[in-house]
Every structure is written in C-alpha cells, then in structure tokens.
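Good morning, and thank you for making the time. Please look at the model on the screen before I begin.

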Amino acid sequence: MNDPVNMTLSDGCFMAVLGICIVFSGLVLLSLGICLSARLLAWWETRVKDGVVPYLRGALKREGLKGMSTGLAEQTLQDADATDVETSLRRLSDQLGDPFKLPELLRLADKYGIERPHWQVSQLLRNGSLSGGTDGLFHWQAVKK
Amino acid sequence: MFEFFDLRKYDVFRDLELAELWRLQRIVQPVHCLEGRVLIKEGAPAQRLYMLQEGHLMVVFKDDRAICLHEPGRVIGWSALTSESQYTATVVCLTDCTLLTFEANDLLSLLGSNAALGTKIMNKIARIRSNRLRFLHQQMTDIK
C-alpha cells in the first residue's frame, strides 16, 4: 500500500513538490498582501484627509438631492456645484442672520447634505473665513477678491 | 507614546515638579474622539476632566452659542472638579481629536493627598473658571 515504487510510478514525488510549491506560493502572496495592506490603508487615509473622497461623496450626494423641491436647497446645491462648500455654507447662514449660531449652521449643513460639515467648518475657522466672537456667535469675513 | 514630561507643555501643569508630574501621569489616559462626535453631553454626570492635545473642538452652551477650541492644553469638563455633578455644556469634535482624560475621583483623591499639587492645579482651574464667567457675563450683557 505504501510501496515507494507505486509512489514513483504515479509521479507522487512530482505531485508532492507541486503541492508544496502551490501552498508556499499562496502563503507568500498572502504575506505580501498583508504587508502592503498597511500602505494601502495609509494611502486611503491620506485621500480621505485631503478631501478627495469627501468631495466625491458630496458630489454623489448632491446629485441624489437635486430632486428636492425646497428653493433654498436647490440654490445651495447649485452653488456647491458651481463654486465650493464655503459658498454653500454662506448661503445657508443667510437665513440665520449675522452673526449666527454655529450649531444651527451645522444642523442646516447636515440637513442639506453638505459632506463632513464639522470638518469643513474647522477649515473655515482655520483659514479665517469664519470667526467667532466672545459672545458665542459667529460671522463671515468679507470674501477676498 | 505619551510621556509624563509631555504634561509640562500645558499651561495647567507648567509649574509642577517632576515628582508631581509623575503622580499625575499615573492617572491620565489618552483618548481619541472622531470628527462630528459628541465628547461631552450637557447634563451628563461630570466624571472626567479632559485636556485637548490635538484637534478642533466646539463647546456649545444652552442657547446654542458656542466657542471653538484648538489650542493644545485647553481644559474641558472642569465641572468634574467642582461640586457640580453635571456638565454645563456640550462638546463636539470638529475634527478628529486626541485628548488626555483624568477620572475626576482619581484626580480629586490625588489633589486631596498632596496639598501643594492641589493648590497649584486648583489655582489654574480657578483662572479657567474666571474666563468662563467673563464669557457668561458677556452673554448676559448681550441679552439685556
């Protein structure tokens, strides 16, 4: 039953070597994949932070929201397509008055589908387009020409 | 990796001796909070004191007035160190944030067992509280 001659006649050695090669190749490919996954995740995270992914998501979301009947929403969405998120947020804050309450603006931004409103607001605060007073209210800086 | 002498970077702990920093380090925990998440809910039991390391936070008061914080070392949730048992404002992360957190019970025990350390930290907390009162005073003036 375990005769080595039978094993030789049936190419048993070749099959054993082939099997070992297949298994080890699979393991090598798997380990390479695991090694590269860290880089792939880092790359993906960079894309997310750079705003490419949020921009794409926002664009898709805006496409989906275009059927909304609210005039303000349509106006906002057109602005988003034409210019950028800052313009949309400025438009949204128009109905809140000047100065306005930042949490209310964030709620509106969320309602009208602006992607990552908190992050967008933090960027606007950093670049000085939006500023807050000691009274807890916020206002826009004049648009730079 | 958080090192105990990193605490000295922050105004609240600047005057502390190395031994005092070492004691504090034993009760501090770094935490992460994601963008858009609520870190502190107004009215929730005040059990932790937070110190901002990195990120951008928005502190929202009862009438939706808000202030934004981004300077490392800013203290949040100081209600945990006073007789108040609940947080007095909501804190939301505008970006992903890293914070240091102190369990109120641990910190109060430490301050109670070391008078010099307690005095130094409570003086700083008093200064933060006076800034908050100035802000509230401004709010009341505006309402009038």
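I shall speak about the contact between the chains, then about one strand of chain B, and last about chain A.

A word of caution at the outset: this is a predicted model, and my remarks should be heard with that in mind.

Let me start with the interface. Chain B brings 19 residues to the contact, and chain A brings 17 residues. Between them, the two chains bury about 1500 Å². Carbon and sulfur atoms account for 60% of that area. Which residues of chain B lose the most area to chain A? They are Glu35(B), Asp64(B) and Leu94(B), and together these make up 33% of what the chain B side buries.

Glu35(B) deserves a second mention. Its side chain meets that of Arg116(A) in a salt bridge, with an N to O distance of 2.6 Å. Across the interface as a whole, the rule finds two salt bridges. It also finds six residue pairs in polar contact, counting pairs with both residues at pLDDT 80 or more.

Which elements of chain B give two or more residues to this side? There are three strands, S4 (57-60), S5 (66-69) and S7 (90-93), together with helix H3 (115-143). The helix H3(B) gives the most, with four residues. By class, the chain B side has nine nonpolar residues, alongside five polar and five charged ones.

I turn now to strand S7(B), which is among the elements just listed as touching chain A. Are its faces buried or exposed? Both faces are covered: Thr90(B) and Val92(B) are buried on one side, and Val91(B) and Cys93(B) are buried on the other.

S7(B) also has strand partners. Strand S2 of chain B, residues 38-40, runs antiparallel to S7(B) and is joined to it by two bridges. Here Ile40(B) stands opposite Val91(B). S4(B) likewise pairs with S7(B) in the antiparallel sense, over four bridges. In that pairing, Met58(B) stands opposite Val92(B). Both Val91(B) and Val92(B) belong to the buried residues of S7(B) that I named a moment ago.

Finally, chain A. Chain A contains seven helices and two strands. Along the sequence the order is α-α-α-α-α-α-α-β-β, with the helices preceding the strands. Of the 145 residues in chain A, 30% are buried. Among contacts in chain A with a separation of 6 or more, 44% come from residues 24 or more positions apart.

That concludes my presentation, and I welcome your comments.

How values were computed
Residues numbered from 1 in each chain as written. Chains lettered and ligands numbered in written order. Predicted model: local features only at pLDDT ≥ 70, side-chain atom pairs only at ≥ 80, totals over all residues. Heavy atoms only, no water. Contact = heavy atoms within 4.5 Å. Buried area = accessible area lost by both parts, 1.4 Å probe. Salt bridge = Lys/Arg side-chain N within 4 Å of Asp/Glu carboxyl O. Polar contact = N/O pair within 3.5 Å; in protein donor to acceptor, adjacent residues only side chain to side chain. Nonpolar A, V, L, I, M, F, W, Y, C, P; charged D, E, K, R; others polar. Buried < 20%, exposed > 50% of the residue type's maximum accessible area, 1.4 Å probe, protein only. Pairing = 2+ DSSP bridges.
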